[in-house]
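Me: I would like to learn how strands and helices are read in a model like this one. Could we take the sheet before the helices?

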Amino acid sequence: MLFGTGHPQRLLGFYAGLADALSAAGCEVLTPAQGRCVDILTRFGLRTHHLEYVRGVGLVRETEGGRPGCEPGVHSHSPLPVRVVLEAAAEGGGPLPELVVGDHGWVCGAGQLGFEAIGLADTDDPALFVGEAEGRVSVAVPVDDAVRSAYYRPLTRYVLKRARLSQ
(Lines give C-alpha, C1' and ligand atoms only; values in the text may rest on other atoms or scores of the structure.)
Protein backbone atom coordinates (compact mmCIF):
# COMPACT_ATOMS: atom_id res chain seq x y z
CA MET A 1 0.00 0.00 0.00
CA LEU A 2 1.06 3.55 -0.68
CA PHE A 3 -0.60 6.55 0.95
CA GLY A 4 -0.18 10.17 -0.12
CA THR A 5 -1.95 13.47 0.24
CA GLY A 6 -1.90 16.90 -1.31
CA HIS A 7 -4.05 18.15 1.58
CA PRO A 8 -1.95 17.29 4.63
CA GLN A 9 -3.47 20.16 6.64
CA ARG A 10 -6.88 18.48 6.56
CA LEU A 11 -6.53 14.84 5.47
CA LEU A 12 -3.28 13.60 6.99
CA GLY A 13 -5.04 12.21 10.08
CA PHE A 14 -7.52 10.24 7.98
CA TYR A 15 -4.85 8.56 5.85
CA ALA A 16 -2.50 8.06 8.82
CA GLY A 17 -5.28 6.27 10.72
CA LEU A 18 -5.73 3.88 7.81
CA ALA A 19 -1.98 3.39 7.36
CA ASP A 20 -1.51 2.70 11.08
CA ALA A 21 -4.29 0.11 11.15
CA LEU A 22 -3.14 -1.63 7.98
CA SER A 23 0.45 -1.71 9.14
CA ALA A 24 -0.61 -3.18 12.50
CA ALA A 25 -2.55 -5.85 10.60
CA GLY A 26 0.61 -6.84 8.71
CA CYS A 27 0.13 -4.90 5.47
CA GLU A 28 3.31 -3.33 4.14
CA VAL A 29 2.95 0.46 3.91
CA LEU A 30 5.55 1.69 1.44
CA THR A 31 7.65 4.83 1.95
CA PRO A 32 10.06 5.07 -1.01
CA ALA A 33 11.92 8.25 -2.01
CA GLN A 34 11.98 9.73 1.51
CA GLY A 35 13.70 13.13 1.31
CA ARG A 36 13.88 13.17 -2.48
CA CYS A 37 13.41 16.55 -4.19
CA VAL A 38 10.39 17.28 -6.35
CA ASP A 39 10.23 20.44 -8.47
CA ILE A 40 6.63 21.57 -8.92
CA LEU A 41 5.62 24.41 -11.22
CA THR A 42 3.02 26.56 -9.46
CA ARG A 43 1.33 29.80 -10.40
CA PHE A 44 4.05 31.45 -8.31
CA GLY A 45 6.87 29.83 -10.27
CA LEU A 46 8.99 26.72 -9.86
CA ARG A 47 9.06 25.51 -6.25
CA THR A 48 11.41 22.85 -4.94
CA HIS A 49 9.81 20.49 -2.45
CA HIS A 50 10.96 17.34 -0.75
CA LEU A 51 9.08 14.16 -0.02
CA GLU A 52 8.40 13.12 3.53
CA TYR A 53 6.29 10.50 5.20
CA VAL A 54 4.31 11.17 8.34
CA ARG A 55 2.94 7.97 9.90
CA GLY A 56 3.25 6.27 6.52
CA VAL A 57 1.59 9.01 4.48
CA GLY A 58 3.54 10.75 1.73
CA LEU A 59 3.43 14.53 1.41
CA VAL A 60 5.65 17.32 0.20
CA ARG A 61 7.22 20.16 2.12
CA GLU A 62 8.93 23.27 0.85
CA THR A 63 12.70 22.95 0.83
CA GLU A 64 13.47 26.59 1.47
CA GLY A 65 11.91 28.71 4.15
CA GLY A 66 10.11 25.84 5.83
CA ARG A 67 10.94 24.36 9.17
CA PRO A 68 12.25 20.81 8.66
CA GLY A 69 10.02 18.16 10.21
CA CYS A 70 7.12 20.54 10.84
CA GLU A 71 3.69 19.44 9.80
CA PRO A 72 1.55 19.71 7.88
CA GLY A 73 3.29 20.06 4.53
CA VAL A 74 2.11 21.96 1.49
CA HIS A 75 -1.12 21.87 -0.45
CA SER A 76 -0.58 20.37 -3.89
CA HIS A 77 -2.62 18.81 -6.66
CA SER A 78 0.49 17.80 -8.61
CA PRO A 79 1.03 14.20 -9.74
CA LEU A 80 4.81 14.70 -9.60
CA PRO A 81 5.29 13.47 -6.00
CA VAL A 82 3.68 10.09 -6.69
CA ARG A 83 5.61 9.74 -9.93
CA VAL A 84 8.88 10.35 -8.08
CA VAL A 85 7.86 7.84 -5.40
CA LEU A 86 6.87 5.14 -7.89
CA GLU A 87 10.00 5.69 -9.97
CA ALA A 88 12.19 5.39 -6.86
CA ALA A 89 10.42 2.17 -5.83
CA ALA A 90 10.92 0.68 -9.30
CA GLU A 91 14.57 1.77 -9.54
CA GLY A 92 15.33 0.44 -6.07
CA GLY A 93 13.94 -2.97 -6.87
CA GLY A 94 11.60 -2.66 -3.92
CA PRO A 95 7.97 -3.65 -4.00
CA LEU A 96 5.51 -1.58 -5.98
CA PRO A 97 2.18 -0.78 -4.37
CA GLU A 98 -0.80 -2.95 -5.14
CA LEU A 99 -3.01 -0.03 -4.12
CA VAL A 100 -2.47 3.74 -3.86
CA VAL A 101 -4.76 5.61 -1.46
CA GLY A 102 -4.86 9.37 -1.34
CA ASP A 103 -6.24 12.44 -3.03
CA HIS A 104 -5.65 14.75 -5.95
CA GLY A 105 -2.34 14.18 -7.76
CA TRP A 106 -1.38 11.12 -5.73
CA VAL A 107 -4.40 9.13 -6.91
CA CYS A 108 -4.73 10.57 -10.41
CA GLY A 109 -0.98 10.28 -11.06
CA ALA A 110 -0.90 6.65 -9.90
CA GLY A 111 -4.02 5.82 -11.90
CA GLN A 112 -2.53 7.35 -15.06
CA LEU A 113 0.46 5.03 -14.62
CA GLY A 114 -1.79 1.98 -14.34
CA PHE A 115 -1.74 1.49 -10.57
CA GLU A 116 -4.91 0.62 -8.69
CA ALA A 117 -5.88 3.89 -7.01
CA ILE A 118 -8.67 5.03 -4.71
CA GLY A 119 -9.19 8.22 -2.82
CA LEU A 120 -11.06 11.12 -1.40
CA ALA A 121 -12.33 13.54 -4.03
CA ASP A 122 -13.10 17.13 -3.17
CA THR A 123 -16.62 17.91 -4.25
CA ASP A 124 -15.51 21.08 -6.04
CA ASP A 125 -12.61 19.46 -7.94
CA PRO A 126 -13.57 17.10 -10.76
CA ALA A 127 -10.17 15.40 -11.24
CA LEU A 128 -10.80 12.17 -9.32
CA PHE A 129 -14.37 11.92 -10.60
CA VAL A 130 -13.10 12.23 -14.18
CA GLY A 131 -10.39 9.66 -13.44
CA GLU A 132 -13.04 7.30 -12.10
CA ALA A 133 -15.25 7.83 -15.18
CA GLU A 134 -12.25 7.11 -17.42
CA GLY A 135 -11.45 3.92 -15.49
CA ARG A 136 -8.10 5.18 -14.15
CA VAL A 137 -9.30 5.69 -10.57
CA SER A 138 -11.14 2.73 -9.04
CA VAL A 139 -13.08 4.61 -6.35
CA ALA A 140 -13.58 8.34 -5.77
CA VAL A 141 -15.27 9.13 -2.44
CA PRO A 142 -16.82 12.62 -2.47
CA VAL A 143 -15.89 14.79 0.52
CA ASP A 144 -15.39 18.43 1.33
CA ASP A 145 -11.62 18.63 1.84
CA ALA A 146 -11.80 22.09 3.39
CA VAL A 147 -13.36 21.10 6.72
CA ARG A 148 -11.39 20.69 9.95
CA SER A 149 -9.36 17.50 10.13
CA ALA A 150 -11.27 16.32 13.23
CA TYR A 151 -14.43 16.05 11.12
CA TYR A 152 -12.88 13.09 9.25
CA ARG A 153 -12.61 10.96 12.41
CA PRO A 154 -16.09 9.40 11.93
CA LEU A 155 -15.12 8.49 8.36
CA THR A 156 -11.88 6.91 9.62
CA ARG A 157 -13.81 4.87 12.20
CA TYR A 158 -16.37 3.82 9.58
CA VAL A 159 -13.75 2.67 7.06
CA LEU A 160 -11.75 0.78 9.70
CA LYS A 161 -14.90 -0.89 11.04
CA ARG A 162 -16.01 -1.94 7.54
CA ALA A 163 -12.52 -3.33 6.88
CA ARG A 164 -12.63 -5.12 10.27
CA LEU A 165 -9.53 -3.23 11.37
CA SER A 166 -10.97 -1.21 14.24
CA GLN A 167 -9.68 -1.72 17.78
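Reply: Let us begin with one strand pair: strand β1 (residues 2-4) and strand β4 (residues 57-62) run parallel and are joined by two bridges. Two strands pair if DSSP finds at least two bridges between them, and in this pair Phe-3 has Val-57 in β4 as its bridge partner. The model is a predicted one, in which local features need pLDDT of at least 70 and side-chain atom pairs count only at pLDDT 80 or more, while totals for chains, interfaces and linings use all residues. Residues are numbered from 1 along each chain as its sequence is written, and side-chain values use heavy atoms, with hydrogens and water left out.

Me: How are the helices and strands themselves defined, and what is the order of the strands in the open sheet?

Reply: Helices (H or I, at least four residues) and strands (E, at least two) are DSSP runs, numbered from the N terminus. Here an open sheet of seven strands, with mixed pairing, follows the order β2-β3-β4-β1-β5-β6-β7. Its edge strands, each pairing on one side only, are β2 (37-42) and β7 (139-143).

Me: In which sense do β2 and β3 pair, and over how many bridges?

Reply: β2 and β3 pair in the antiparallel sense over six bridges, and they form a hairpin with two residues between them. Within this pair, Val-38 has His-49 in β3 as its bridge partner.

Me: How is the packing of two helices described?

Reply: Two packed helices are described by the angle between their axes and the distance between the axes. Axes are lines fitted to C-alpha atoms, for helices over the stretch in contact, and angles run from 0 to 180 degrees between N-to-C directions. Helix α1 (residues 8-24) and helix α5 (residues 153-162) pack at an angle of about 25°, with their axes 9 Å apart. α1 and α5 are therefore roughly parallel to each other, given that angles under 35 degrees count as roughly parallel, over 145 as roughly antiparallel, 65 to 115 as roughly perpendicular and the rest as oblique.

Me: Which residues of α1 and α5 meet?

Reply: With contact taken as heavy atoms within 4.5 Å, Phe-14, Gly-17, Leu-18 and Ala-21 in α1 meet Leu-155, Thr-156, Val-159 and Leu-160 in α5.

Me: How do the axes of α2 and α3 cross?

Reply: The axes of α2 and helix α3 (residues 104-112) cross at roughly 50° and come within 7 Å, and the two helices are therefore oblique to each other.
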